[in-house]
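Here are some notes for a colleague opening this entry. Please keep the structure in view while reading the points.

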Amino acid sequence: MSKRLSSLRIFPIAPNAKVPVRASPGAVGYDVFAYDVLDRHTKEHIADLPVAIKPREAALISIGVIMAVPFPYEAQVRPRSGLASKFDIELSNSPGTVDPDFRGIVGCLLRNRGKNPFVVEPGMRIAQLVFNKVEIPDLVVVGSIDELGATPRGTGGFGSTGLMGEGLGTEAYDQEQLRWDVYFMNIALQTAAMSNCIRDCPRYKNGRVKRNRRGEFVGQVRRYGCVIAKNDQVIASGYNCQCKGSELCEEVGCLRDELNIDSGTRIEICRAVHAEQKALAAAANRGISVEDASLYVNAEPCLFCARQIAELELDAVIVLGGGYGKTHGLHVIQKAGIRIRVLPKEFLSSRRR
């Protein structure tokens, strides 16, 4: 994990060049001060201040400092609201960007949108710097537009989430999202049916666990399923079962029953791998990224699984309402910045009819 930007090297080119400052303890922008006038093409000094910018014209004003912005941060050059509201002075390239490898004098291209000439005085506050950490992704060329994934917005451009379409948070968008949540949660429930947990299941006199005609364990209640979906497709799934290489509880009996461990306690003493763990292992074994994916579970994750999920770059975790127990796992996941959606059970039952 990258360290936060706690310091930044800066070099004033002359004794009277002012270092950027924050105007108040709560300000995120550093005010910068006018130093001289630069040629817009060569970036060389062409005039001292003061200088008058005529209406509809622009001037490149130097702030008289050179900065060493560390990678992967940027310095955004933004206009000051006071100049814009009082004098119609704007930045032509707003916001401008100072890259980490730039070692020239920072300049602000001020444009006069007003009706009167505007005089830039020496030491005048003309703009502000805001520092941001940026992501540098690897661009991967795909062979088909289908590989980009479908979204509710589709090909809508400017205004498509407002005047020309249904945007995030609108009723139509929420209904579409609910439709997909119901779809994937139903798959998670079908996946849960594959569980082979036998705890509290009745047995025949010979010790065998009772099954119904469909081969399911009679009285089985601990059936958990997990589905990970991305771009409207299931990319991994899992259910609670004995881990690979472990003895089968159906044959040797439930370890937790044998040790008389109360439900919801000492969950580390068990032969089972949880549904979330099995799904994440399936994705890892196939080299599939779960970044920006949605994880569907039919019960609140335990604290162990929740801590693992919190480390992922998921878009959302969707849990079936009224599921088994309260583990406080959702609180852990939510604190990690992952969105939580609780899908009420009645939405599934009502849509099956």
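1. Start with helix α6. Its buried residues pack against α5 (275-285), β17 (294-297), β18 (316-320) and α7 (329-335). Those buried residues are Cys305, Ala306, Ile309 and Ala310, in a helix that spans residues 303-310. Down the axis of α6, they fall within an arc of 140 degrees, so they line one face of the helix. Bear in mind throughout that this is a predicted model.

2. Next, the cysteines. How many disulfides does the structure hold? The count is zero. Cys302 is in no disulfide, and the nearest cysteine sulfur, that of Cys305, is 3.7 Å away. A disulfide needs the two sulfur atoms within 2.5 Å, so a distance of 3.7 Å does not qualify. Cys302 is buried, at 10% relative accessible area. Cys305 is also listed among the buried residues of α6. Elsewhere, Cys241 is buried too, with a relative accessibility of 8%.

3. Strand β17 is one of the elements that α6 packs against. Ser294 and Tyr296 point one way from β17, while Leu295 and Val297 point the other way. Are these residues buried or exposed? All are buried.

4. Now the partners of β17. Strands of a sheet pair through backbone hydrogen bonds, either parallel or antiparallel. Both kinds appear here. β13 is joined to β17 by four bridges, and the two run antiparallel. β17 and β18 also share four bridges, but in the parallel sense. Tyr296 takes part on both sides. Val227 stands opposite Tyr296, and Ile318 is the bridge partner of Tyr296 in β18.

5. Ser294 deserves its own look. This residue sits in strand β17. Its relative accessible area is 11%, so Ser294 counts as buried. Which residues does Ser294 touch, leaving aside neighbours within four places in sequence? They are Val227, Ile228, Ala229, Asp315, Ala316 and Ile318. Two of these have come up already: Val227 stands opposite Tyr296, and Ile318 is the β18 bridge partner of Tyr296.

6. Move to another sheet. Four strands form an open sheet in the order β2-β12-β7-β9, with antiparallel pairing. Which strands lie at the edges? They are β2 (30-33) and β9 (96-98), each of which pairs on one side only. From one strand to the next, the twist averages 35 degrees. Four bridges join β2 to β12, which covers residues 125-133. On that border, Tyr30 stands opposite Leu129 in β12.

7. Check the backbone for unusual geometry. Most residues other than glycine have a negative phi, and most peptide bonds are trans. Two cis bonds are worth finding by eye. The bond from Phe71 to Pro72 is cis, with omega near 5 degrees. Pro72 lies in the loop between β6 (58-68) and β7 (73-79). Ser94 and Pro95 are likewise joined by a cis peptide bond, with omega about -5 degrees. Pro95 is in the loop between β8 (89-91) and β9. Both loops lead to strands of the open sheet, since β7 and β9 belong to the order given above.

8. Positive phi values come next. Phi of Arg56 is near 70 degrees, although the residue is not a glycine. Arg56 lies in the loop between β5 (51-53) and β6. Is Arg56 buried or exposed? Arg56 is exposed, with a relative accessible area of 77%. Asn231 also has a positive phi, of about 55 degrees. Asn231 is in the loop between β13 (225-230) and β14 (233-239). Asn231 counts as partly exposed, at 41% relative accessibility.

9. Finally, the whole chain. The secondary structure comes to eight helices and 19 strands. Of the 353 residues in the chain, 35% are buried. Among contacts with a separation of 6 or more, 66% are between residues 24 or more positions apart. The chain exposes about 21,800 Å², and carbon and sulfur atoms supply 51% of that area.

Definitions and conventions:
Residues numbered from 1 in each chain as written. Predicted model: local features only at pLDDT ≥ 70, side-chain atom pairs only at ≥ 80, totals over all residues. Heavy atoms only, no water. Pairing = 2+ DSSP bridges. Axes fitted to C-alpha atoms, helices over the stretch in contact; angles between N-to-C directions. Buried < 20%, exposed > 50% of the residue type's maximum accessible area, 1.4 Å probe, protein only. Arc of directions from axis to C-beta. Contact = heavy atoms within 4.5 Å. Areas by Shrake-Rupley, 256 points an atom, 1.4 Å probe, with all protein chains shown as cover.
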